[in-house]
Amino acid sequence: CRTEMSNSSAAAPAELLKFVGCSEFRSRIALSILTGKPVKISSIRAKLENPGVREFEISYLRLIEQITNGTMVRISETGTVVLVRPGILTGGEFEFDCCAERGIGYYLEPLMLLGPFGKRSLSVKLTGVSNNSMDPSVEAVSYSCLPLLRRFLGRDSGSELSLERRGCHPVGGAEVRFQCPTVSKLKPLDLTQPGKIHRIRGMSFTCKVSPGMNGRQIVSAKELLRRLVPDVLLTADHCTGARGGQSPGFGVTLVAETRDGCRYVAECMSRPSGVAVAEASVPEDVGLTAAQLLCEEIYRGGCVDSISQPLALALMALCDRDASRLLTGPLTPHSVRLLRLLRQFLGVTFRLQSRPAGDDGLGGDKVLCTCVGSGFANLSKLVR
């Protein structure tokens, strides 16, 4: 049985959707797998000196082939055209080596979108880079995206994300385990009351550097955060040996929790090894920058932060045929592009209503996102 729209017809082949450029590469492929619609992406970095898909995008396509059966991927000789004809989303248990050019968070985000709709529960061991400055770290995904996914699954257990080994950019060496159960349908979301922040938690980590840097990062971050909330607790994680990966690095991940269960996550880490001494990171600067980024997330407000905002919108569109509502901060560029894709693939249109800051007196302007789910169903679960 295929994982597809519950009201779709299996008689006629799906129409080929055509896109230009590398923007939203992961989302296009993931939605193609879910809906069974083939996609053709052309002019991928065609005007650059080094055109075509990058190694991390090829790695992502290999991951898609790993969790599906019968998916056909064709890449042109120049690498500027990619054609994907989706197969059956199977899930299952396997191991995958992620490209070190991007963090494991780059691969976790689409896995959280695809995992609930497989034929079998997903259990994957990912190896690669757990912390870099480009993608959300494993901790950030665990703090921000995982609780949100559990709201849609309608259960408190079954979906797990654990960091077994840490690995910083550029070499990596991290090991991460992600588990996600399958469901027949997602539950609609009604999340419009963020609540007041009552505590801030976080973690400072060091890999193959002096453990004293943890204390310097924590003191720097607390100096700013304790002006806002008295309950601030940051823990230290000093990774040595194999548990610390293959590259030195350090950083801070912070999460502000509200009384209604909403979370705002921000993080900052050192620059990778090999940069000039004048550009090297200082632990005090890393801690302060992470605290400032968390303040920015809090000011943006809403019920989800900028990390989990795109995932929330995509899962809302995949929900049962019922209304879902989400109050969020200003939409990120990634979320805006994703809304267009959701309309193309699923036919779901969101109603966006501005909520000025004056309505609640907290932070900046908000956006109330409302949609009726597409009624997407995992037919392999319905048959049983």
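This report describes the domains, sheets, helices and nonpolar cores of a predicted model.

The model is predicted: local features need pLDDT of at least 70, side-chain atom pairs count only at pLDDT 80 or more, and totals for chains, interfaces and linings use all residues. Residues are numbered from 1 along each chain as its sequence is written, and side-chain values use heavy atoms, with hydrogens and water left out.

## Domains

The domain assignment gives domain 1 (17–192 + 304–372) and domain 2 (197–300); such bounds come from an automatic or database domain assignment. Taken over C-alpha atoms, the centres of domain 1 and domain 2 are separated by 25 Å. The contact between them, where contact means heavy atoms within 4.5 Å, takes 35 residues from domain 1 and 28 residues from domain 2.

## Two sheets

Helices (H or I, at least four residues) and strands (E, at least two) are DSSP runs, numbered from the N terminus. Two strands pair if DSSP finds at least two bridges between them. Strands of a sheet pair through backbone hydrogen bonds, either parallel or antiparallel.

One open sheet has 4 strands in the order β2-β3-β6-β5, with mixed pairing. Its edge strands are β2 (17–20) and β5 (72–75), each of which pairs on one side only. From one strand to the next, the twist averages 10°. Within this sheet, β3 (residues 39–42) and β6 (residues 82–85) pair in the antiparallel sense over 3 bridges, and Val-39 has Val-84 in β6 as its bridge partner. Helix α2 (residues 55–67) packs on the sheet and touches β5 and β6. The direction of α2 makes about 160° with that of β5; axes are lines fitted to C-alpha atoms, for helices over the stretch in contact, and angles run from 0 to 180 degrees between N-to-C directions.

Another open sheet of 4 strands has the order β8-β9-β11-β10, again with mixed pairing. Strands β8 (91–97) and β10 (160–165) stand at the edges with a single partner strand each, so one side of each is left without a neighbour in the sheet. The twist in this sheet averages 10° from one strand to the next. Strands β9 (residues 120–128) and β11 (residues 174–180) pair in the antiparallel sense over 7 bridges, and β10 runs antiparallel to β11, joined to it by 5 bridges. Val-176 in β11 has Leu-126 opposite it and also Leu-163, while Ser-123 stands opposite Gln-179 in β11.

Helix α2 also packs on this sheet, touching β8 and β9, and α4 packs on it as well, touching β10 and β11. The table lists the angles of these helices with the strands.

| Helix | Strand | Angle between directions |
|---|---|---|
| α2 | β5 | about 160° |
| α2 | β8 | about 155° |
| α4 | β10 | about 165° |

Buried means under 20% relative accessible area, exposed over 50%, and partly exposed in between (1.4 Å probe, protein chains only). Of the 7 residues of β11, 5 are buried, so β11 is largely enclosed by the rest of the structure.

## Nonpolar cores

A nonpolar core is a set of buried Ala, Val, Leu, Ile, Met, Phe, Trp, Tyr and Cys residues joined through side-chain atoms within 4.5 Å. In soluble globular proteins, nonpolar side chains tend to be buried together.

The largest nonpolar core has 85 residues, of which Phe-178 and Phe-350 touch the most other members. Helix α4 (residues 138–153) supplies the largest share of this core, 9 residues. The core draws at least three residues from each of domain 1 and domain 2. Leaving aside neighbours within four places in sequence, Phe-350 is in contact with residues including Leu-313, Met-316 and Ala-317. A second, separate core of 20 residues includes Ile-200, Ala-221, Leu-225 and Ala-291.

## Helix α7

Helix α7 (residues 309–317) is mostly covered, with 9 of its 9 residues buried. Among them are Leu-313, Met-316 and Ala-317. The buried residues of α7 pack against α3 (104–114), α4, α6 (283–300), β17 (323–328), α8 (333–346) and β19 (366–372).

## Thr-206

Thr-206 is found in strand β13 (residues 197–207). Is Thr-206 buried or exposed? Thr-206 counts as buried because its relative accessibility is 0%. Its side chain makes a polar contact with the side chain of Asn-214 (3.2 Å). A polar contact is a pair of N or O atoms within 3.5 Å; within protein, one must be able to donate a hydrogen and the other to accept it, and residues adjacent in sequence count only if both atoms are side-chain atoms. Leaving aside neighbours within four places in sequence, Thr-206 is in contact with residues including Pro-211, Asp-237, His-238 and Phe-250.
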